[in-house]
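Let's take a walk through this structure together, starting with one helix and working outwards. Keep the 3D view open and turn it as you read.

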Amino acid sequence: MKSQKRVAVIGAGITGITTAYFLAKKGLDVTVFEANPYPAMETSYANGGQLSASNAEVWNSVSTVFKGLGWMFSSGAPLLMNPKPSWHKYSWLAEFVGSIFQYEKNTIQTVEWAIKARSHLLSIAKDENIDFDRKSTGILHFYESKKQFEVAEQVTALLKKGGLERQAVTAEEIKKIEPTLESDIYGGFYTSSDFTGDIHKFTSSLAKACIRHDVTVRTSTLVDRVAVSAEGVEVFSHIDDSKKDASQGISKEVFDQIVVCAGVGSRKFASMLGDRVNIYPVKGYSITVNLEDEANQNAAPNTSLLDDNAKLVTSRLGTSRFRVAGTAEFNGYSKDIIWKRIDPMLKWCHRHFPDMSTENFVSWAGLRPMMPNMVPRVGQGNHPSVFYNTGHGHLGWTLAAATADIISGIVATEQPK
Ligand SMILES: Cc1cc2nc3c(=O)[nH]c(=O)nc-3n(C[C@H](O)[C@H](O)[C@H](O)COP(=O)(O)OP(=O)(O)OC[C@H]3O[C@@H](n4cnc5c(N)ncnc54)[C@H](O)[C@@H]3O)c2cc1C
């Protein structure tokens with residue numbers, strides 16, 4: 001039986017849909033608001049596909065800052081910074097640097113959540129019978145120099161403190177793990193417990209499961225404003241202009257509680273609700289190579305890869321798709337696809353997989369909702385009826401199932417004020 005408590009969830013990306021699912025399983029009356037016509041059309045659309053506890057290291061370190069400064073002057077580098085002044089960007093960068101002292105604590109926290117999330121996600125997929133092109137052949141981090149490998153050894157020790165085992169592998173062992181990889185490799189680390197899958201497939205299917213569990217999913221519905229009043233949490237929204245019933249104008253609904261899961265839109269909602277959630281949109285790109293014939297399918301890797309030098313990740317989605325993703329661009333909210341960022345990913349494929357044709361590929365860009373300390377904001381806001389599960393940055397696919405479980409537990413036990 002449903003409780004009387006009504007909860008609004010803003011956003012139908014991976015964080016919003018997993019949150020709605022866990023809330024519904026706890027018997028709450030949940031309504032999801034989503035601006036797009038379908039769930040998972042923004043950042044949860046074509047990401048790197050990795051569910052990677054092995055990639056849980058936060059980026060707040062002195063070496064990242066120095067590397068970043070060097071990359072700013074090279075056009076094909078993994079990082080691009082538009083130097084145009086912006087209070088949002090520079091306040092975020094100042095907080096990023098200010099979080100360097102929390103590097104170890106935040107990395108351990110991220111690994112712990114990632115390990116929990118992997119098992120939650122597998123249970124959800126099993127319970128709801130969701131096929132998301134999962135590949136359980138592990139994730140291989142590879143390094144072309146001894147120096148890079150030695151830095152990774154220190155990261156491995158830190159990940160171990162959070163409970164993750166990853167195994168050092170030699171160049172010969174790497175050749176066995178992924179025979180298609182053609183490179184002069186020094187060594188790597190292999191995490192057999194990590195896996196990959198299609199975030200869009202998973203989120204869309206879970207949204208359908210939510211509806212089966214009585215969640216109301218309002219797509220093509222843009223939330224204009226949220227506020228807390230004596231009545232409760234007020235959500236003002238309107239239906240997309242392109243829809244027939246758009247003439248209804250702005251409507252107001254009142255809920256007992258709200259969970260903000262709006263990706264890069266969460267900062268704006270937080271400020272309406274009296275909170276500061278300093279998410280910056282860090283743009284990333286992906287290419288999905290369509291592997292049309294058997295020869296091309298055999299030439300593409302099956303094991304998921306992470307090239308720490310190029311900052312690129314890969315995943316094999318089913319038999320006929322191979323995805324490469326990466327780069328971090330600090331350039332505001334624009335989702336424009338810039339060729340200068342796509343070209344290095346194609347060249348990377350040609351270098352490492354010379355027999356794989358990239359003749360047929362699709363490019364994509366998305367905005368990572370990134371907190372300056374790289375730790376998602378999961379918990380209650382200043383007002384007791386307001387909650388956040390957002391700011392998952394480069395690891396939303398990896399972490400969402402754990403943070404949704406945590407936030408749903410808190411929302412369910414808190415009494416609306
Ligand atoms: C190139 C790239 C590669 C990545 N690779 C990986 C990876 O390999 N592994 C990993 O774990 N993570 C990866 N990520 C990160 C991951 O994709 C994100 O962390 C995750 O998708 C964020 O999910 P979200 O639900 O927070 O945001 P979103 O998916 O963006 O969802 C937020 C939703 O809120 C809706 N919304 C916002 N404002 C409003 C409004 N006013 N009204 C109604 N609806 C609204 C939006 O339309 C959107 O659908 C990658 C990201 C990028 C860009």
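The cover over the buried residues of α7 includes α1, α4, β9 (216-218) and α11. The residues beneath that cover are I199, H200, F202, T203, S204, S205, L206, A207 and C210. Bear in mind that this is a predicted model.

How does the length of α7 (residues 199-212) fit what a helix should give? At 1.5 Å a residue, its 14 residues should span 20 Å, and the end C-alpha atoms are indeed 20 Å apart, so the two values agree. After α7 comes D214, which has a positive phi near 75 degrees.

**Helix α1**

Next, look at α1 (14-25), one of the elements covering α7. It has twelve residues and reaches 17 Å from first C-alpha to last, close to the 16 Å expected at 1.5 Å a residue. Is α1 largely enclosed or largely open? Eleven of its twelve residues are buried, so the rest of the structure largely encloses this helix. The buried ones are I14, T15, G16, I17, T18, T19, A20, Y21, F22, L23 and A24. Just after α1, G27 takes a positive phi of about 90 degrees.

**Where two helices cross**

Two other elements that help cover α7 are α4 and α11, and these two also pack against each other. What is the angle between α4 (residues 103-128) and α11? It is about 85 degrees, and the axes are 7 Å apart. Angles of 65 to 115 degrees count as roughly perpendicular, and that makes α4 roughly perpendicular to α11. On the α4 side, the contact is made by W113, A114, K116, A117, H120, L121 and I124, while α11 brings T398, L399, A400, A401, A402, T403 and D405. By type, the residues of this contact divide into nine nonpolar, three polar and two charged.

**Around the ligand**

Helices α1 and α11 appear again here. Each supplies at least two residues of the shell around the ligand, as do β10 (221-228), β14 (280-290) and β18 (361-370). How many residues surround the ligand? There are 41, and the closest are G11, G13, G48, G284 and G396. The shell divides into 16 nonpolar, 22 polar and three charged residues.

**Three loop residues**

Now for some loops. D133 lies between α4 and β5 (139-143), M374 between β18 and β19 (377-380), and D293 between β14 and α9 (294-299). Which of them are buried and which exposed? The table compares their surroundings, using counts of C-beta neighbours.

| Residue | C-beta neighbours within 10 Å | Class |
|---|---|---|
| D133 | 16 neighbours | partly exposed |
| M374 | 24 neighbours | buried |
| D293 | 10 neighbours | exposed |

The cut-offs explain these classes: 20 or more neighbours make a residue buried, 12 or fewer make it exposed, and a count in between makes it partly exposed.

Two of these residues deserve a look at their backbone too. D133 is not a glycine, yet its phi is positive, near 55 degrees. M374, also not a glycine, has a positive phi of about 70 degrees.

As a last stop, find D293 and S183 in the view. They are 110 residues apart along the chain, and 24 Å separates their C-alpha atoms.

How values were computed. Residues numbered from 1 in each chain as written. Predicted model: local features only at pLDDT ≥ 70, side-chain atom pairs only at ≥ 80, totals over all residues. Near = placed C-beta within 6 Å. Helix = DSSP H or I, 4+ residues; strand = E, 2+ residues; numbered from the N terminus. Nonpolar A, V, L, I, M, F, W, Y, C, P; charged D, E, K, R; others polar. Axes fitted to C-alpha atoms, helices over the stretch in contact; angles between N-to-C directions. Parallel < 35°, antiparallel > 145°, perpendicular 65-115°, else oblique. Contact = placed C-beta atoms within 7 Å. Expected span 1.5 Å × (residues − 1).
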